[in-house]
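Okay, everybody, thanks for coming. I'll put the model up and then just talk you through it.

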Amino acid sequence: MLAEKLLFFAGAGAISEAMLKGLLEAGVVPAEQITVNNRKNRERLFQLGQSYGIHISQQREQEIAAADIIILAMKPFDIHQALQEIGANITPQQMVISVVAGVSTETIESQLVEGVAVIRAMPNTSSFVQASATAISRGKHATIEQLEQGKQIFAAIGSVTEVEEQQLDAVTGLSGSGPAYIYYVIESLMQAGQQVGLSEETCRELLIQTLYGSAKMLKVTGKNPQELRRQVTSPNGTTMAGLAVLEQGDLPDLLKKAVEQATRRATEMGQEISAMQPT
Ligand SMILES: NC(=O)C1=CN([C@@H]2O[C@H](COP(=O)(O)OP(=O)(O)OC[C@H]3O[C@@H](n4cnc5c(N)ncnc54)[C@H](OP(=O)(O)O)[C@@H]3O)[C@@H](O)[C@H]2O)C=CC1
Ligand SMILES: O=C(O)[C@@H]1CCC=N1
């Protein structure tokens with residue numbers, strides 16, 4: 001039962017906050033069962049403690065010993081140091097969930113006591129509002145039951161898709177980084193709306209609802225995006241005029257390159273980090 005588990009977040013940044021806020025709002029884990037730790041920024045820990053009523057780390061070794069699930073949420077290049085600090089304190093009775101981009105379960109397992117279960121997941125920052133798209137896979141020591149526990153955590157803060165671990169870099173490039181691509185488009189449309197005479201506030205309100213409505217249409221109707229696009233596009237109308245301009249550039253190619261490049265970067269970081277592994 002997730003409600004009885006003690007969670008220890010190693011990392012107190014954007015994704016940890018998004019996850020713990022989502023989990024608390026979902027009511028699946030009480031605040032007193034969550035401890036958050038970071039490297040040195042105590043002010044950040046106090047801020048999280050004040051905002052969410054969670055424990056902020058005081059005595060890391062004891063807190064890790066007491067935890068059922070340790071969530072690794074530091075930057076990829078900080079993971080070796082973190083595992084050197086805490087890896088030896090984690091036992092096979094506990095379980096590790098890593099959301100660190102690019103870093104394989106094999107790399108993580110090799111710095112832990114033999115037999116510790118590692119689940120690797122790639123959520124996104126929409127965890128904050130329980131709307132993450134998370135993909136998940138399990139390392140060699142993790143059982144189906146442990147994977148299910150991992151899924152329960154992410155299901156409380158959005159959707160969960162099980163994938164082969166080798167697909168997680170592609171997931172990172174698509175939906176892990178994905179919110180940033182969407183925000184970039186919205187930023188550009190906000191500027192465009194102001195250019196044609198609307199106020200910033202009106203643009204924001206209209207665009208949020210347009211984005212929300214489009215996502216809801218995709219989800220509720222189950223139709224493919226091409227079909228929904230066709231429904232908006234009247235012959236010789238406004239949408240056709242707008243889309244004709246978009247087609248002068250090659251948006252599909254740009255997006256393809258962006259996702260490929262982000263995926264490649266995840267793989268590259270994973271390889272570099274694996275090669276840096278302390279012996
Ligand atoms: N942001 C996102 O959209 C997503 C991020 N991720 C992954 O999550 C991870 C964290 O990303 P994000 O939250 O954005 O990063 P942030 O930079 O916001 O936070 C990183 C956190 O890790 C802490 N940290 C560094 N070293 C250690 C250590 N040795 N022990 C404990 N904590 C440590 C930092 O502490 P301090 O500040 O004190 O240095 C900081 O709190 C990354 O690996 C990223 O790939 C996954 C999905 C989405
Ligand atoms: O930018 C990054 O590296 C992380 C991984 C996915 C989203 N943010």
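So, Asn 236: is it buried or exposed? Asn 236 is exposed, because just 7 other C-beta atoms lie within 10 Å, and the cut-off for exposed is 12 or fewer. Keep in mind that this is a predicted model. What caught my eye is the backbone there: Asn 236 has a positive phi of about 60°, and it is not a glycine. You'll find Asn 236 in the loop between α10 (225-232) and α11 (238-248).

There's another residue to put next to that one. Gln 130 isn't a glycine either, and its phi is positive too, at about 55°. Gln 130 sits in the loop that runs between β6 (117-122) and β7 (132-138). Here the count is 16 other C-beta atoms within 10 Å, so Gln 130 comes out as partly exposed.

Okay, zooming out. The domain assignment splits the protein chain into domain 1, residues 2-169, and domain 2, residues 178-248. Taken over C-alpha atoms, the centres of domain 1 and domain 2 are 35 Å apart.

Now the sheet. In what order do the 8 strands come? Reading across, you get β3-β2-β1-β4-β5-β6-β7-β8, in an open sheet with mixed pairing. At the edges are β3 (55-56) and β8 (158-162), each of them pairing on one side only. As a reminder, strands of a sheet pair through backbone hydrogen bonds, either parallel or antiparallel.

Let me stay on β4 for a bit. On one side, β4 (residues 69-72) pairs with β1 (residues 7-10), in the parallel sense and over 4 bridges. If you want to look at the register, Leu 7 is opposite Ile 69, and Phe 9 is opposite Ile 71. Then there's β5 (residues 95-98), which also pairs with β4 in the parallel sense over 4 bridges. There, Leu 72 has Ser 98 in β5 as its bridge partner.

How do you get from β4 to β5? Helix α4 (residues 79-86) joins them in a right-handed β-α-β unit. And what about the faces of β4? Both are covered: Ile 69 and Ile 71 are on one side, Ile 70 and Leu 72 are on the other, and all of them are buried.

On to the ligands. Ligand 1 is surrounded by 29 residues, and the closest are Gly 11, Gly 13, Asn 38, Ala 82 and Ala 101. Two helices to highlight here are α1 (14-26) and α4, since each supplies at least two residues of that shell. So α4 turns up again, having already appeared in the unit with β4 and β5. By class, the shell around ligand 1 has 13 nonpolar, 10 polar and 6 charged residues.

Which residues are around ligand 2? Those are Ala 101, Thr 172, Gly 176 and Ser 177. That shell has 1 nonpolar residue, 3 polar ones and no charged ones. Notice that Ala 101 is listed for ligand 2 and is also among the closest residues to ligand 1.

Last bit, from the records. An unreviewed UniProt entry lists residues 9-102 as "domain: Pyrroline-5-carboxylate reductase catalytic N-terminal". Over that stretch, residues 9-102, the chain is 41% helix and 17% strand. The C-alpha atoms at its two ends are 19 Å apart.

That's what I have, so let's open it up for discussion.

Technical notes: Residues numbered from 1 in each chain as written. Chains lettered and ligands numbered in written order. Predicted model: local features only at pLDDT ≥ 70, side-chain atom pairs only at ≥ 80, totals over all residues. Buried ≥ 20, exposed ≤ 12 C-beta atoms within 10 Å, placed from the backbone. Pairing = 2+ DSSP bridges. Right-handed = clockwise from strand over helix to strand, strands pointing away. Domains from an automatic or database assignment. Near = placed C-beta within 6 Å. Nonpolar A, V, L, I, M, F, W, Y, C, P; charged D, E, K, R; others polar. UniProt positions renumbered as here; feature names shortened; annotations may be inferred.
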